[in-house]
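Biologist: I'm new to this one, so could you take me slowly through a single part of it? I'd like a close look at a sheet and whatever sits around it.

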Amino acid sequence: MNIVYPRAAGVLLFLMTVSGVSAIEPVSKTLISVEQNIRESNWECKGETHEGAEFSIIKSTLHGGKQEGVDIVTIDNGRLKMIVVPTRGMSILGVSMGPLRLGWDSPVREVVHPSLINLQDREGLGWLDGFNEWLVRCGLEFAGHPGIDTFRDNTGAISEQRLTLHGKIGNIPASEVTVSVEPGPPHILRLRGRVDEISFYGAALELQTEVSTTVGSHEFEIRDMVTNRGAESQEFEIIYHANFGPPLLESGASLVVPIRKVQPMNAVAAKSLQGFQQISGPVAGKKEEVFLIEPLSDSQGDTLVLLQNANRRLGCSVTYSLEQMPFLTIWKNTALPRSGYVMGIEPGTNYPFNRSVERKAGRLKKLSAGESAEFRLAYTLHSDEASVREAAERIAFLQEDFEPQVLPEPPGEGN
Amino acid sequence: MNIVYPRAAGVLLFLMTVSGVSAIEPVSKTLISVEQNIRESNWECKGETHEGAEFSIIKSTLHGGKQEGVDIVTIDNGRLKMIVVPTRGMSILGVSMGPLRLGWDSPVREVVHPSLINLQDREGLGWLDGFNEWLVRCGLEFAGHPGIDTFRDNTGAISEQRLTLHGKIGNIPASEVTVSVEPGPPHILRLRGRVDEISFYGAALELQTEVSTTVGSHEFEIRDMVTNRGAESQEFEIIYHANFGPPLLESGASLVVPIRKVQPMNAVAAKSLQGFQQISGPVAGKKEEVFLIEPLSDSQGDTLVLLQNANRRLGCSVTYSLEQMPFLTIWKNTALPRSGYVMGIEPGTNYPFNRSVERKAGRLKKLSAGESAEFRLAYTLHSDEASVREAAERIAFLQEDFEPQVLPEPPGEGN
Amino acid sequence: MNIVYPRAAGVLLFLMTVSGVSAIEPVSKTLISVEQNIRESNWECKGETHEGAEFSIIKSTLHGGKQEGVDIVTIDNGRLKMIVVPTRGMSILGVSMGPLRLGWDSPVREVVHPSLINLQDREGLGWLDGFNEWLVRCGLEFAGHPGIDTFRDNTGAISEQRLTLHGKIGNIPASEVTVSVEPGPPHILRLRGRVDEISFYGAALELQTEVSTTVGSHEFEIRDMVTNRGAESQEFEIIYHANFGPPLLESGASLVVPIRKVQPMNAVAAKSLQGFQQISGPVAGKKEEVFLIEPLSDSQGDTLVLLQNANRRLGCSVTYSLEQMPFLTIWKNTALPRSGYVMGIEPGTNYPFNRSVERKAGRLKKLSAGESAEFRLAYTLHSDEASVREAAERIAFLQEDFEPQVLPEPPGEGN
């Protein structure tokens with residue numbers, strides 16, 4: 001992903017629309033809109049606060065190979081920089097702040113256009129052909145493993161459907177995308193996108209996404225809203241599949257998470273349940289290990305999860321509400337870099353089993369007609385020892401006096 | 001669909017090629033051509049007759065979300081306006097004339113680019129992900145329900161193929177598109193498009209479409225030609241899936257059709273066979289009802305079908321030849337607007353059962369090598385009581401003295 | 001394909017970047033690059049040697065129908081002209097030299113964009129919807145017949161995968177494409193393209209392609225390199241599916257090939273094994289015949305295969321190493337032109353059976369992590385009797401004193 005930044009920068013030479021913002025003035029811009037028939041190929045907004053902090057928002061277009069025509073938006077708050085991909089469901093390709101990076105090195109090297117993805121390929125694993133983002137949402141009609149699920153069709157009859165891995169939302173181009181800069185202080189940069197996972201005689205789930213960050217901050221926040229636009233109640237699932245590679249992931253790095261209950265998802269994970277929070281370096285032939293966690297929360301219902309590097313001077317933590325997302329999946333794939341050395345920290349409404357399993361286990365949520373569900377995740381990038389330690393201590397405080405329940409065996413597909 | 005018109009109009013600001021036609025001069029323009037390597041992104045032609053009637057033809061491009069890069073052509077004959085979508089097989093997105101509209105409000109809100117449609121998705125229901133046109137052709141190799149059909153492959157062996165709902169033609173971009181304005185009078189606006197449903201070791205069916213209308217008229221005509229470009233005889237099916245929502249479809253609206261024979265297609269329809277021509281308002285949870293009709297014709301072999309609103313001041317009628325399309329399918333989906341409150345009036349060479357059923361029932365047509373079949377449908381928009389009544393009376397005349405044969409039970413998939 | 005040349009020429013009017021090369025100066029140009037975020041829509045380079053030979057390289061974009069946005073590169077060395085399609089895996093659409101043409105007339109008339117191809121369609125025959133190139137590579141993870149194969153997934157478990165006909169590589173847009181003109185003499189025109197067939201938890205096979213020709217030459221060479229970018233060893237297959245129609249293919253034309261062993265692939269071929277090297281004119285209803293050949297080689301390990309027309313004044317020969325590609329498939333499809341009157345001469349690492357068959361037969365190759373395999377094919381266009389005869393004599397010399405082994409029955413899918 002590190003190769004993406006120069007790309008975006010290169011686009012500056014071809015800017016067609018430039019809005020200079022010498023001091024902080026409010027900016028509000030529609031970048032993509034089905035309703036207004038708009039798509040800005042290249043646009044940018046640069047600014048400086050009265051305190052001299054510089055920031056920018058750049059909309060550019062990717063070219064070549066499988067990424068021809070893919071839209072990206074690069075937000076630079078003067079301290080951290082992130083790339084959002086409207087064409088791929090508003091996924092966040094990566095975030096960087098000095099030496100710290102949220103992201104990983106997938107074998108998939110391009111930001112693949114959804115028109116070249118066949119989710120049904122490889123027995124429902126086609127999603128993996130475009131998988132390289134730091135954060136991709138899984139969902140919305142289904143978010144887990146591929147395979148047959150049964151459902152009631154529009155005639156009321158029971159039908160079978162072959163679900164595909166992690167669902168569709170990450171491969172749907174956003175329909176409406178806007179950016180804004182708030183005059184402040186605080187000076188907030190905000191990117192909103194609407195992604196429709198809507199069919200006829202099918203789910204009609206609308207995702208309103210927002211990512212925002214304050215100029216000069218080492219934090220950003222995701223606020224999403226999923227709405228059932230259909231006339232009848234609708235099952236849904238959402239999992240925030242955030243993936244970490246180096247420099248955070250390295251031998252000696254560790255995951256810090258307040259645990260109420262933990263269980264391995266598969267047999268491989270069962271064998272390494274003990275000490276699963278400790279990260280090893282890349283291991284040839286290493287298979288994926290998945291752990292299912294019910295975290296602990298504070299009095300507000302919020303939990304906090306931290307990934308810290310070996311010397312505990314770099315870290316990334318996320319806080320979110322367990323009411324919104326009670327289930328946390330940890331995906332360790334500490335294979336050789338060429339296979340993708342990566343760990344997923346994945347808060348969700350459920351675990352990534354096939355929907356049929358989640359339904360049976362009672363983890364599947366529904367939205368009645370017109371109903372919405374909100375999801376908030378606040379991410380903090382830690383770049384010094386004190387900041388890392390403070391996050392770790394907050395998590396230790398949540399865990400204090402609570403003995404985690406450890407289930408040593410996988411639940412099995414029958415849960 | 002009502003939001004589409006402003007979109008097209010917005011495009012006027014960016015016109016790259018403008019041909020002003022002050023009085024009626026002949027116009028002939030290639031908008032899209034594989035052979036000439038042409039695709040006009042934006043083009044328009046405006047004119048005025050000596051009698052002062054204004055008309056226009058506008059080619060524009062849609063942007064944003066799933067409709068990025070979709071070509072549309074808007075034809076305004078001074079009285080009615082229609083939007084044709086070359087990128088989606090020359091489907092007609094909608095037609096409007098004052099308060100009258102042919103079209104409906106599908107949950108699918110974008111004019112989805114075929115590159116984002118997977119017809120095989122949802123067990124062959126992927127077609128529904130882009131379904132929102134007023135008129136979409138089903139066909140050509142197959143036009144009905146999804147499911148396994150057997151066929152002889154190129155080695156002469158019997159093979160199985162999973163057919164997909166309503167076939168491919170509605171998701172194939174047109175290869176050659178031209179418009180013309182005839183000097184007249186009558187001043188005829190004509191849009192032609194060729195759509196190839198052609199593969200190697202497969203069907204080689206070519207669709208030549210034409211939609212034409214006269215300046216100032218409340219009528220338009222579709223003239224299509226399907227040609228077998230293959231070296232061997234080829235089965236084919238075509239169904240004109242025309243879909244009506246408000247204002248024509250409303251509580252108290254009714255379908256007027258001269259019936260030789262009628263039969264429900266499914267169990268739900270069997271229960272509401274009595275009075276199926278009467279339209280109710282939207283009903284929560286209402287399932288689709290499908291009726292199979294063999295209409296009556298006049299001495300020329302032509303039939304006439306009318307949909308009239310509650311106060312019988314608005315209507316749309318279609319006349320076509322029963323020799324070309326002996327079978328008429330009526331699809332009532334009077335669910336809540338969010339589920340798509342809509343009725344389909346669907347003349348075809350056959351019913352929309354799976355091709356295996358149609359073959360067995362003897363309704364499946366074949367074209368020998370090089371052979372063509374022609375299809376003509378003339379649509380009239382009625383906007384006053386007299387005009388609606390006259391159409392209804394013509395249909396009553398066709399029905400006169402003929403007692404419809406009513407089969408109360410569905411034929412079943414075995415027909 | 002003959003209609004493509006005027007198309008490319010028409011593009012000249014819209015050139016946006018022109019580099020005139022009055023005499024031979026070195027040229028090196030990146031046309032497409034994911035890493036540099038580049039895609040040249042239209043570019044050309046024309047030149048003249050000191051000896052007065054003219055040549056050109058033109059990058060253009062196709063428009064209309066299913067070929068909207070497809071990139072092509074036309075190389076004219078002053079004597080022969082070829083079109084390469086980066087968007088379709090660097091396939092060679094066609095080659096021409098005076099009256100001689102390498103190519104055929106597929107029922108598929110457009111250069112179809114991969115975003116409109118569903119390889120899984122028609123039970124794995126979707127590849128045929130875009131099949132019209134002179135030379136298309138089959139591969140890389142699998143290159144043969146569709147159908148279930150079993151494989152070990154990333155957890156080490158045995159899984160099933162539905163393979164699709166001839167694999168994916170021919171429908172993947174190239175990620176990096178460069179052209180160069182070497183100052184020489186000899187003045188070499190060179191086009192390189194990298195195509196990634198790479199997924200997460202799947203094959204990570206990279207194809208580096210190169211096609212080169214010298215100004216004024218009647219020859220060109222393909223040099224490819226397949227590299228396993230994954231962390232574990234990976235099976236792969238590659239078949240160079242080169243397809244010949246008129247004028248080379250005609251009644252009385254013949255294939256000249258030095259045979260160690262020949263066997264029919266299917267029952268139809270078994271019946272016509274005798275004299276299979278003789279070409280008939282188009283025959284209505286003729287089914288495909290496929291022959292499996294292990295050719296003979298010279299002392300360097302190279303073989304030579306020739307297709308010559310009826311009067312033996314036109315021909316095309318190819319020489320390549322049997323070490324690289326020990327198996328040669330001949331595909332005769334001498335049906336009526338509308339069905340595609342064509343013969344494939346297809347050197348490969350294996351035969352085009354399903355991968356499960358090739359594995360069992362011991363013909364399946366593997367690359368260890370990081371390992372590469374190279375493939376070289378040198379094509380010569382013959383346009384006079386002496387040149388054709390000389391190639392035929394070289395092949396006769398290879399066959400001399402060697403009695404081909406003829407297996408009269410197909411090996412069957414169990415091999």
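Modeller: Let's start with a term: a nonpolar core is a set of buried Ala, Val, Leu, Ile, Met, Phe, Trp, Tyr and Cys residues joined through C-beta atoms within 7 Å. Keep in mind that this is a predicted model. Its largest nonpolar core has 339 residues, and those with the most contacts inside it include Val84(B) and Phe244(B).

Now for the sheet itself, in chain B. Picture an open sheet of 10 strands, paired antiparallel, running in the order 3-2-13-14-15-16-26-22-21-18. At the edges stand strand 3 (38-39) and strand 18 (254-256) of chain B; each has a single partner strand, so one side of each is left without a neighbour in the sheet. Against this sheet packs helix 5 (residues 385-399) of chain B, which touches strand 18, strand 21 (302-308), strand 22 (315-321) and strand 26 (372-382). The direction of helix 5 makes about 135 degrees with that of strand 21 of chain B.

Let's zoom in on one pairing. Strand 2 (residues 27-33) of chain B lines up antiparallel with strand 13 (residues 176-181) of chain B over 6 bridges. If you want a spot to click on, try Ser28(B): its bridge partner in strand 13 of chain B is Ser180(B).

Chain B also has company: 32 of its residues are in contact with 37 residues of chain C. On the chain C side, helix 1 (4-11) and helix 2 (121-124) are the elements giving two or more residues. By class, that side has 12 nonpolar, 13 polar and 12 charged residues.

Technical notes:
Residues are numbered from 1 along each chain as its sequence is written. Chains are lettered from A and ligands numbered from 1 in the order in which they are written. This is a predicted model: local features need pLDDT of at least 70, side-chain atom pairs count only at pLDDT 80 or more; totals for chains, interfaces and linings use all residues. Two residues are in contact if their C-beta atoms, placed from the backbone, lie within 7 Å. Helices (H or I, at least four residues) and strands (E, at least two) are DSSP runs, numbered from the N terminus. Ala, Val, Leu, Ile, Met, Phe, Trp, Tyr, Cys and Pro count as nonpolar, Asp, Glu, Lys and Arg as charged, and the others, Gly among them, as polar. Two strands pair if DSSP finds at least two bridges between them. Axes are lines fitted to C-alpha atoms, for helices over the stretch in contact, and angles run from 0 to 180 degrees between N-to-C directions. A residue is buried if 20 or more other C-beta atoms lie within 10 Å of its own, exposed if 12 or fewer, and partly exposed in between; C-beta atoms are placed from the backbone.
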